[in-house]
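Work through the exercises below with the sequence and the coordinates open. Each task is followed by a solution in steps.

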Amino acid sequence: MLNQIIATIITLGGVGYINYSVASQLNAIQIHGDKRTSQILYSALWSVVDFAAFLCFQSILSSYLKGNWLLIVVMLLTIMFAFVISLLFSKPLQKLNYFLYNLILKPWRESSIDQGNAWTEFFKGQDMLESYCYDFQHNPVGQGFLTVYSLEPDVHDLILQPFKIEEDQPSFKDMVNMAQNKDYQKNQDIHQYINYDKQIIIFTFE
């Protein structure tokens with residue numbers, strides 16, 4: 001009995017984090033407030049589903065296995081179940097969640113709620129990007145082709161591959177003029193990202 005209680009606690013505590021980790025990697029979680037609190041709540045919610053699966057596996061396999069072997073197999077199956085169900089359903093559930101939010105807000109003519117955040121949406125669906133970064137004093141910070149950007153909430157890390165042509169980064173004023181130039185706008189997809197907290201401004205040209 002004691003082994004069963006310990007196995008249940010360990011399994012649910014571990015698989016809840018698996019649910020969170022998989023959903024986080026799929027960018028299916030939007031953190032609001034304290035990250036640690038959000039992680040615990042999300043893991044706890046999924047643990048209810050994991051616990052139901054744990055009991056089902058235990059009930060089905062109890063006719064074939066006994067004692068510690070039953071607990072070991074049930075624990076492993078529950079871990080696999082947590083991984084697969086998060087992989088398959090965390091993203092669709094996120095989409096359903098926002099669909100219901102906006103369905104409720106629509107009669108009240110409230111603004112719709114979008115998935116993701118400004119940082120991830122800024123790079124969404126774009127290929128090779130020419131990127132130019134500035135601080136709030138309009139000083140050049142870096143330029144190059146964007147190769148990697150962070151999906152971690154509130155982390156704004158970039159990896160830029162330097163241009164092969166050796167030239168100074170355009171001034172902020174020149175960059176604004178380029179972004180507002182109609183000829184540039186016809187030939188390139190231009191975006192501007194502003195983060196008041198981190199005090200960064202990024203222009204991208206695709």
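**Exercise 1. Burial in strand 5**

Decide whether Thr 204 is buried or exposed.

*Solution.* The model is predicted. Start with the location: Thr 204 sits in strand 5. Next, take the relative accessibility, which is 0% for Thr 204. The cut-off for buried is under 20%. Thr 204 therefore counts as buried. Finally, check a residue distant in sequence: Cys 133 is 71 residues from Thr 204 along the chain, and their C-alpha atoms are separated by 8.9 Å.

**Exercise 2. Sheet order**

Find the order of the strands in the sheet and state which strands stand at its edges.

*Solution.*
- Step 1: count the elements. The protein has 6 helices and 5 strands. Along the sequence they follow the pattern α-α-α-α-β-β-β-α-α-β-β.
- Step 2: list pairings. Strand 1 (129-135) pairs with strand 2 over 6 bridges, in the antiparallel sense. Strand 1 and strand 5 are also antiparallel, over 6 bridges. Strand 4 and strand 5 form an antiparallel pair over 6 bridges.
- Step 3: fix the register with opposite residues. Cys 133 stands opposite Gly 142 in strand 2. Asp 135 stands opposite Ile 200 in strand 5. Asn 195 stands opposite Ile 200 as well.
- Step 4: assemble. The 5 strands form an open sheet in the order 3-2-1-5-4, with antiparallel pairing. Strand 3 (158-161) and strand 4 each have a single partner strand, so one side of each lacks a neighbour in the sheet. From one strand to the next, the twist averages 40 degrees.
- Step 5: check burial of strand 1. Of its 7 residues, 6 are buried, so strand 1 is largely enclosed by the rest of the structure.

**Exercise 3. Positive phi outside glycine**

Locate His 138 and Gln 199, and classify the exposure of each.

*Solution.* Take His 138 first. His 138 is not a glycine, yet its phi is positive, about 70 degrees. His 138 lies in the loop between strand 1 and strand 2 (140-149). These strands form a hairpin with 4 residues between them. The relative accessible area of His 138 is 40%, so this residue is partly exposed.

Now take Gln 199. Gln 199 has a positive phi of about 60 degrees and is not a glycine either. Gln 199 is in the loop between strand 4 (190-195) and strand 5 (200-205). Its relative accessibility is 40%, so Gln 199 counts as partly exposed.

**Exercise 4. The nonpolar cores**

Which elements each supply at least two residues of the largest nonpolar core?

*Solution.*
- Step 1: list the members. The largest nonpolar core has 11 residues: Tyr 132, Tyr 134, Phe 163, Phe 172, Met 175, Met 178, Ala 179, Ile 190, Ile 201, Phe 203 and Phe 205.
- Step 2: assign them to elements. Strand 1, helix 5 (172-180) and strand 5 each supply at least two. Helix 5 gives the most, 4 residues.
- Step 3: look at the packing. Helix 5 lies across strand 1, strand 4 and strand 5, at about 45 degrees to strand 5.
- Step 4: zoom in on one member. Leaving out residues up to four places away in sequence, the contacts of Phe 203 include Tyr 132, Tyr 134, Phe 172, Met 175 and Ala 179.
- Step 5: look for another core. A second, separate core has 7 residues, among them Ala 28, Tyr 42, Trp 46 and Ile 85.

**Exercise 5. Two bent helices**

Where do helix 2 and helix 3 bend, and by how many degrees?

*Solution.* Begin with helix 2 (residues 35-61). Its 27 residues reach 38 Å from first C-alpha to last, close to the expected 39 Å. Helix 2 bends by about 25 degrees at Ser 47. Ser 47 is among the buried residues of helix 2, which also include Tyr 42, Trp 46 and Phe 54.

Move to helix 3 (residues 67-105). The bend is about 40 degrees at Phe 89, and Pro 92 follows within four residues. Buried residues of helix 3 include Leu 70, Leu 71, Val 74, Ile 85 and Tyr 98.

**Exercise 6. Whole-chain totals**

What share of the residues is buried, and what share of contacts joins residues at least 24 apart?

*Solution.* Of the 206 residues, 32% are buried. For contacts, consider residues at least 6 apart in sequence: 59% of these contacts join residues at least 24 apart.

Definitions and conventions: Residues are numbered from 1 along each chain as its sequence is written. This is a predicted model: local features need pLDDT of at least 70, side-chain atom pairs count only at pLDDT 80 or more; totals for chains, interfaces and linings use all residues. Side-chain values use heavy atoms; hydrogens and water are left out. Buried means under 20% relative accessible area, exposed over 50%, partly exposed in between (1.4 Å probe, protein chains only). A nonpolar core is a set of buried Ala, Val, Leu, Ile, Met, Phe, Trp, Tyr and Cys residues joined through side-chain atoms within 4.5 Å. Contact means heavy atoms within 4.5 Å. Two strands pair if DSSP finds at least two bridges between them. The bend at a residue is the angle between axes fitted to the seven residues ending there and the seven starting there. The expected span of a helix is 1.5 Å times one less than its number of residues. Axes are lines fitted to C-alpha atoms, for helices over the stretch in contact, and angles run from 0 to 180 degrees between N-to-C directions.
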